[in-house]
Every structure is written in structure tokens, then in C-alpha cells.
Amino acid sequence: MIHAPYTSAMRSIQQKHLYLTLVALLWTSSLPATGQYECRLKSENGKKVFRERSNQSFTVQEQPLIRLTPLSRQIHCEVIREVKLECSVNEPYTVELYLVLSTQNFEVLGTGNSSSYSFLIPICEKTKHTFTCQVFGRKESKRTTLEITTGDPVCEDDVFGTGNLGQMAVGSCERDEVGERKGVCQEDGSWREVENNCILGPVQELLLQSEFLDANSLPGFLDTLSDVTVNFTEEVVKSPTNINAIVDILSNVANTSLPINSDLAEDILLTACVLTTYGAWKTWESLNNDTRNASQMRRIYTFLQSLETITELSFVLDIDFDKSFNEESNDVFVNASRAIQKQCRTPQSSCQLSGFRPGSTIGDYTIRGASLSDTELQAIQTGIFLDLSETYPIIFDSQSSLKLEPTTVISQQKATVTCGPPPADLNLGTNWTAEWRFNNRPITRDENLYEFSKVNEEAVLTLKRFFGTDIGQYECRLKSGQKIFRERSNRNFTLQEQPLIQLTPLSRQIHCEVIREVKIECSVNEPYTVELRNSTGVLGTGKSNISYNITINCDDMEHTFTCQVFGRKELKRTTLEITTGDPVCEDDVFGTGNLGQMAVGSCERDEVGERKGVCQEDGSWREVENNCILGPVQELLLQSDLLDANSLPGFLDTLSDVTVSFTEEVVKSPTNINAIVDILSNVANTSLPINSDLAEDILLTAGVLTTDGARETWESLNNDTRNASQTKRSFTFLQSLETITGLINDVSLAIDTPSILLNKTTFTDSFNASFNSSVTIVISEPGEGEKNITVMTFASMDNVLPARDEANSSRFDINGRVVLVQTSIGNSPINISFTFNLNNPSLVDPQCVFWNFSLFDDRGGWDNEGCMLVEIKNGSVTCNCNHLTSFSILMSPFVNCEVCSLITFIGVGISMASLVICLIIEAVIWRKIRRNTTSYLRHVSIVNIAVSLLIADIWFIIGASISKASGDNRDACSAATFFIHFFYLAMFFWMLALALLLLYRTVSVIVGGLSKRSMLAIGFSVGYGGPIIIAVITIAATAPSERYKQGKFCWLNFTGSFTIIAFVLPALTIVLFNLIVLIVVLFKMLRRRAVTDSAQAGQRNVLLLIARTLAVLTPLFGLTWGLGIGTLADPENQGIHIAFSFFNSLQGFFILVFGLLLDKKVRSEIAIKSQISGSGTSSTSAGNSSSAFGFLRLWRQGRDGNNISSNDSNVTQSLNPS
């Protein structure tokens, strides 16, 4: 309200019939330069908005205001012997005063916020002395020059100094002023001031700013203007320069034509009234009588001209808009104009209907003339309202706002909004009805959310549980006939979170002989305060965190501590039970404990809940329960049960913000994922319509749950056999998205988020479109009429949905995008084709599938019913289906070869039995074969090959059993994978050692030979050193990120991290090397074959030699594993797979037969042992024995019984034990 004294002053000025032009419109917002700034970056379609706000304000620092006295002047040296120079500046600046000696040289006289220097006038010589006062570190400066002269001065004072008759001098302004003043020396010895442009520094700054005003800066500007004018009243009213400046400022404000509300008008009146006080009359008199300057004489005109007010007001009709309302002949226009003229015409003012706003029933009208009080304006508005309400429904906007109680609401607590009572002069009576709106949406009656009441002629809206989405603009309409009283909120509720208490450690046992001191920590979120206490009293109080160290004494039984929010009921309690003895388990989360003991651990900060652990034999705590959930997610989960059309937009916006902001915490926590899945399910169950903005929030939220970081968490949920409901989470998640897709009410939209693409469009005859270049959908023969189709394409839904088919097989992987399709075709027959780009083209056996929610006791699984494979081409698969739901492609890293599986398991069984027999035989004959170095080393290699292969086969059987078992067996499966990997590699590396031995003995690689010990060292280093390095590096590099093994299969990963390379590369490299060794040996034998007359017989011997050598060395060198290249080159060729399975599963059998049983020496020793065992007597065989390598002796036989060279004898020695 405008204060009465200033209103009276205004009316006294109005009598002169000159007025200041003001614009009195409702000004709706202000943002001073030092307030909060906000930036919004919008995408091209305007649907995506990135918003960033300032969390601090600019700090305004004034320009440096330098004051230097005296200014340049003459100094009569015979009168003045000393001049005091003063140099100063406003805070926070610093100045320095120096004497200018030349253009390059100067002498510093002083430095500081203010500096003074007494300058002694030298001998009376006509000289000049220049001084500079400069802001330290800046360019701003002032300079004064003292000109020394002789003789007696005519004039002298403190402002202009000394001077001769008619001389002009410059004087300084007062402190806090800028500018200067000039004087002329007169005959009477006085200085006459001829010019004074000194102006207050703040007024000067406001004058400059007044030329750049806008709606944002005007409120703060006028507030500052009134403060400066009132605070410097005496300086303003005595100074024509200051009055001129303020008049110009008011004129500039009027020229902006910006709307003025009551607060701004009050600031203007405060300023104007200072200029009309009694102390200013002499100044105005001098301005009005200044014949030297005509513009000065017009200052009173300019000032008073601003007092004429143009008040712009409006009314609102509650009827449908018609563009003809602005035609002067229209009944609405005529009736409204008549009511306005009737109510507001006075001798001092005139009224006119300006018209209706475009597309609106808001009518604007102006009152031009004398300033009207608020009461007078209110009466005019009320009269117009009552007149028009007889003809039309009309809205009267209250001058007050809705009352919010309390203004700061604790989350989930009660809040009220109170409306009215309506003014009595509106004649609404008492039988009015109340309608409530929130953010321009009607608030529907919901007993769970709202309570509507009427108390003491006021309408009351009670929000039973307040959440963050309840922050917004409220509106109340009280209706009585055609009269509507409207009141709105002009501020928002402030949400205060529930107190989140953290108390560590939670209740636990303390082993006093191990732990001598325990740190108790009690904390709460802002703005609450907590206190920590025990049985003896309060131990501490604080706003954030309280710490207390307690010394443990074995004589104590227990200690109980309470952490409670100060002044509230919320608390947490912990009990430390003191016990003796050594604990089995100990860590920072669950503390110390005995075997089998259950302990409770605290959650992380920003989480609510707790976790439980059990002490295990190995001394570690096993977490058996974790219900820790992020505080914001927990609040959203609670609110999701109470959603309506008003709260849904804000709720989904908050949900997406929280999920994206806490992505890492969400995807790593089953509890958080469960909560968000339940939230999405509740959103789907509301059946509220979903527009594009809401759909984008949902997709952003769902996309976080499908990221790669969530894969491990989803696997644990899908495989949690202890809790059947957990295994349905992926089911619930996908079903919720399918339901939400059906709720989208936009005719067409396209939303692209990082993880999910959503498209909705219409089609008539057929449909053909590509989505994200990964999926193409074709619908033919859809029926008649226009139809819509909604397609949701998931980039990584394979992280969520398990790859189980209707047979519950675990051999498949999801090898394409998951696509959710819905159309308006309904139950009509449909023919829909999908073309999927493959994620991994190396996988085989494609299956066109859809997600069947009814499989596996409603846990869901992939089903191929109604879908068929059309073609595979260029890294893509085309499927055809006759129904709609969620589709994808399942493919396997293995060919679906039942014969191969049968051969493998039978062959491995035979191989394991053969290897056991092989090791028994080696044990029996071990003493005999140790006598010859080459034979000894060969049998050492065979034994280690057999041991490695036998253990690898055992772990292969164990791994296959683990893969088929239900439940979460990830650790056991990883262990099986490691041992299979290591022992198979050990087998290959011992084959490599055997090949190196043969190559060494064949070509005499090292001159002088190696000792048995050296060769054993090399063999074991190669045989086990290489495998252990490769296996350990592989598991260490990939196991922490869950990329070590292939899903549920206990074998190396061949789709993601490709750890299979750590086996395939060394194995095939060794096979290739061994093949080269075999070729070298054969070439060596053939080259040395003696040519005899009986050539035909020699050829037969050589062919027999080659065949027997290949038969012996192929299993020992692992050459059959080379068939693996064929399985990689042609993965769908079952013949290669059968051959690979047959030869390699029976490798142990081949080693037994060709490595031992065909060795004559071995057979001879077995026969001898048999005779000794059977007859109790021993006999020896004098015949020549031949080992498997002894087959190569045939190459020494010639037609004439020839001998071989000395070099070739090394080969014979290497291959024949003696």
C-alpha cells in the first residue's frame, strides 16, 4: 500500500494539472542482476531441455571513485608556503600518490586507501608541479598541476585556492560526489561559482543504469533509487545537479513503458516525494529562474508530467473465446465497454476498453488521469465484476494469495491450502462451491490423497501425504451462480526430507580381547540436529555428525547408544554386547563374530535399511540379506502407490532425474532395481494417459536398468532360487513397459534415448520401417482402415532377460535387439516380418522367438510358437511371426548336434579310463624306462600329458554338471573354467615339450647335448609355467567384470571379452608347431633312405614307417585339435563337429594305444611283470625292443644292410631306448 503522507504530496502536485506518466500493470516477475540465473538448452524439437541454475549471486563492486585535492590551480608562493595534497579512493581499492618528474620518471609519495602529502613550495620561481593519484593496479587516475606564481592574489578560499582577477579555477566536489565545480575570481576578492556538476556517486550510477532498464532489472533498480534518495535527502534537495539527475531517471523509467505494480509504484513515490519536500524549494526556484539555461526551467514540467497515471486493468470472462469479441458491435464488447464506462468515469479520469487478448477472454481496459488509490481501483473492479456477472460468468481475481500451511513441509507429512474468504462486496453469499486446480489441472477427489472442507467461510484443501511432486501453483475457484472468486498461490511449498539417521556400528558382539576401542558415529541429513546418548546421559549434539570413542572393558556386559533427532521422535539404537575369546570373523561392516552368528550391518550414506551377514568357517561374513535402498528411491516407491493425473508428470520427472543421477548405485543394487521395477509397475497400473514428455522420462528410467552395468545384478535376480518373486522381476519389468506402451495417447512420436528407441506412427495398407539401423519391421495385409503401430527398440535388454527357451536350455544367447511391438489391429490375423542385425555374427543356430510371459510358472521365457526363420544373410536374420509382443533372436555358440554331445560324453569316459590304465602301466614299468635318458624324458612327457588330460576331463564333467544345475553357481563355474583352461593348456604345452625333445634328438639342435636335469627343468617350465601364466592373467583381467566365462557355461567367453582366445591361440600355435616338427622328422627319414636295387620293397617299408609314425605322433602331438579350425571356419558343418568330437574325446584312448601299447619295450616289460606275478619267477627278454619312436628304425634298413651316418645315429638313439 502507498503511504498516506506521500499520497497527499502527490495530490498537492496534481493541482498544477501536470502529471508524471506511470504504467500500473501487474508485474509478474523480477530477476535482479544479483539474483538467480537459469539457462535452458533445448533440442531442435523442443522436447529435450537441459536446465542449469546458478547457486550463488554476483557480488557488485562499485567503480573506483578517486578524490584528489586540490585540483589544478595557481599557487601564489608569497602567500602560500605549503600545500596539503589529499588522494583517496572508495573501498576496497588502494591508491598511490606520486610526483611526476618527467614522462618516464616519478616519485611515489604515499600508498593506501587514503594518502596525504604536504608539499613545501620552493623558491618563488614560475614552475609547475604535477601530481597523480592512481588506483593501484588499475588505469583509473586523476592529475593535478600546481602552477607557482608570484605577487599577491586577489581571491583566496579553500575551494578554489588563490587567483587573480577574472581568473577561472577548478574546485573539488564533496566526498561521495563525482564531477567538479568552476569559479571566477571577482573584484571583491571572492570566488563566484559559475558551474557545479558535482553529483552523488550512487545517483550518477543510477542515472547511467536508467537508460538500460528492462523487466528483470526494474524492481531492484527502483528499490535502490528510493533507498539512495531517502538516505541522501539533504544532499539531493540542496543540489540542482542531483535533482536534475533524479528527474531524468524518473523520466527514463516512464519512457520504458514497463508495467508497474504497487511495490514499484511505492518506490517511485518515495523518490518523488523527496524532491517535493520543503528543503528543495530554493533549489527548484533556482532551476525555474535560470534564464541562462532554458532546459533547467523545464525541470518542474518534466517532473510533474510523470504524475499522470495510465492504469491498465483487466477482467476475465469464463466463456468460450470467439475472435469476434474485439468487434465493437459485438454484444460482449458492447456490454463490457458499457460496464467499464459506468464504473470508472470521474471528473479527473477517463476509461476505455482496450480489447480482448488474442485467443483469450481476458479483457483489458485503461484508466487515464489522476492517480487513484487502491481502494478506488478496487471499487471500480468490483463494480465491473458485479455488472458483467448479470450477463456472463466472470472471474474476480483476489488481491491476496492462497495461504500455505506449513510453508516448509516434511516429506509424507500433512499440508493445507486455504482459500478465501471472498470479499463481502462480491455478493457470493455462503452457498458457494469450491474447485481446486494444481498447475492448471483440476484436482479430482481422491480420499487417499486429498481432503476438501469448508471452515469459517474458507475453502480448505488438505494434502494428506506431501511429496516433492506437490510443489507447484495452486488455484482455488469459489463459484456462486455466474460469479467466480479466484485465488492463486504466489509462492511454493518448501519440501524438507524426512530425517535420515545413520548410526554405526549397529548392534553386534564386541570381542574385548581383540577390540579395545569402538567409534560410535551418529549423523542425520540437513537441516536436522541429532544427539547421541547412553544410559549416563547425552554424549554429544550436532547438525551433521557426532563421533564418540568408547573404551571396551571385558568386565562390561553391554553398552547401548541412542541416536535421536533433536526435538523429534525419530531415533536409532545400537547395543554392543561385550564377549571374550577370539572371533572367527571380522570386518568393517559386520564387526566381529563367532561361527554361524548373524550380524547386522549399516547401509551406505544416502541409503535406508540394513544388511545382514552370517559368519562362515573361512573367517568371512557372507551377506544373506541386503535391503538397503536409496532414500530418494524409497520415497518415490511410497509415492507411486498414490499417483494421479496431477502428480504423475512431476513424479516421472523426478524418477528419471534420480535414476540417471544415481545410475551406478541403482544398477549395482538388486533392492534399488526391484524398487524401480515396482514403481514402473505402479505407473502402468494407474492407466493414466502417457504423453511424449512422460514417455521420455519412463524410457530414461528404464534405460538405466538395461545398461551393461546392471547385467550382473539381473543375473542374480533371475537365478535367485531362494526367492521365487525375485526371478519374476524381468517379467514384471517388461510387462510394465508393454502396458505403458499401450497408454501412450500421442498419435505419432519418436523418442530416442541412449538405451531405448520409441516410435509411434500410423499406417493404412502396409508398414515398412527401420529402427536405429538394427531392426526392420514389415507388416503386410493389415486389414482395412488407418491403424497405428508402436515400436520400442531396446539396445541392451539382453542384460535383463535371461536367454532361456521353452526347453529351459542355457545354450543360447540373445543375439539381436529386443523389439516390443503393439498395433491397433487387435485380434485380426497379422503377418509381421523382422530383420535383426546380429550382435555377434559368429553364433549359429538362430531361433526366432518372442517373450512368453506364461512360461516357467509365470517367470517368462523365450518361445518360438508362431514365429519362423526366413533367411540368414549378410550378418542379419529375418523372421516371420503371426502375432505381436516382444521379439528377438536367440543364437548359440554351439551347433545343435545331439550326436556330438553323445560322442563327447562317451569318448571322454573311455578316455578317462584309458588314461588311468596308462598311468598304471607307467607306474609298473617306471624303473626300466629310467635307465635310458631319451626314453625317460619321453615317458615323463607322456605321464604329464596323461595327468593333465585326465584332470581336465574330470573338470570338464564337473563343469557340465554345474552348467545344468539351477541356482547361482557363478563362483563354482568360474573355478571349473579356470582348471579346465589350465589343464588343457598344460596338456598342449607338454605335447610341445615332447615335440621339442623329438626335434632335438632328430636334428641335433644343441651341440654337445643337454643333461637330464636341464632337460627336465626345461620340460616342467614349458609344461606348467606357460599354462599357469596364461590362465592366471586371463581370469585376473576378466573375472572382476564378469567377462571371464560364457554365461552359465563353464567355459571361456567367446562372445563378449573373447577370453576363448587365451586357449585357442596357444593351442593352435602348438598344434601348428608340432605339425611342422612331424614334417621335419619325416623329411629327415625320407632324405636319408638308402636307394637299393629292391626299390619297391623299400617304398613299402617307408610307407609303413610313415603310417605308423603318424599314428603314434598324432595323438601325442595333439594334431587332431587342428580340426577346431574347421569348426570355426564352417560352424554349421556337423560332419566337422562330429570328427572333432570323436578324435578329441578319445585322445586318452589313442595315447594309451599308440603311446604305450604299440611300444614293444613296454609290452615286453608288461609280459615280464605278468610272468613274475603269475609264476613267482622272473625272466628277461633278450630280444630287441622297440618303442613307438622305434618305428623310425626302419629307415636305417636298406637292400644291402647299409649303415647310416654318424649324424643320423643321433636320431636312432633319440627314438630307441636301450
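**Exercises on a strand pairing and a helix packing**

In strand E46, the bridge partner of Cys 615 is Trp 621. The model is predicted, so local features need pLDDT of at least 70 and side-chain atom pairs count only at pLDDT 80 or more, while totals for chains, interfaces and linings use all residues. Residues are numbered from 1 along each chain as its sequence is written, and side-chain values use heavy atoms, with hydrogens and water left out.

**Exercise 1.** Determine how many bridges join E45 to E46, and place both strands in their sheet.

*Solution.* Strands are DSSP runs of E with at least two residues, numbered from the N terminus, and two of them pair if DSSP finds at least two bridges between them. E45 (residues 611-615) is joined to E46 by five bridges, and the two run antiparallel. The open sheet has the order E43-E45-E46 with antiparallel pairing. Strands E43 (598-601) and E46 (621-626) stand at the edges with a single partner strand each, so one side of each has no neighbour in the sheet.

**Exercise 2.** Describe how helices H15 and H18 are oriented towards each other.

*Solution.* Helices are DSSP runs of H or I with at least four residues; axes are lines fitted to C-alpha atoms over the stretch in contact, with angles from 0 to 180 degrees between N-to-C directions. The axes of H15 (residues 670-686) and H18 (residues 729-742) come within 9 Å and cross at roughly 30 degrees. H15 and H18 are therefore roughly parallel, a term for angles under 35 degrees. The residues of their contact (heavy atoms within 4.5 Å) divide into six nonpolar, five polar and two charged.

Terms used. Parallel < 35°, antiparallel > 145°, perpendicular 65-115°, else oblique. Nonpolar A, V, L, I, M, F, W, Y, C, P; charged D, E, K, R; others polar.
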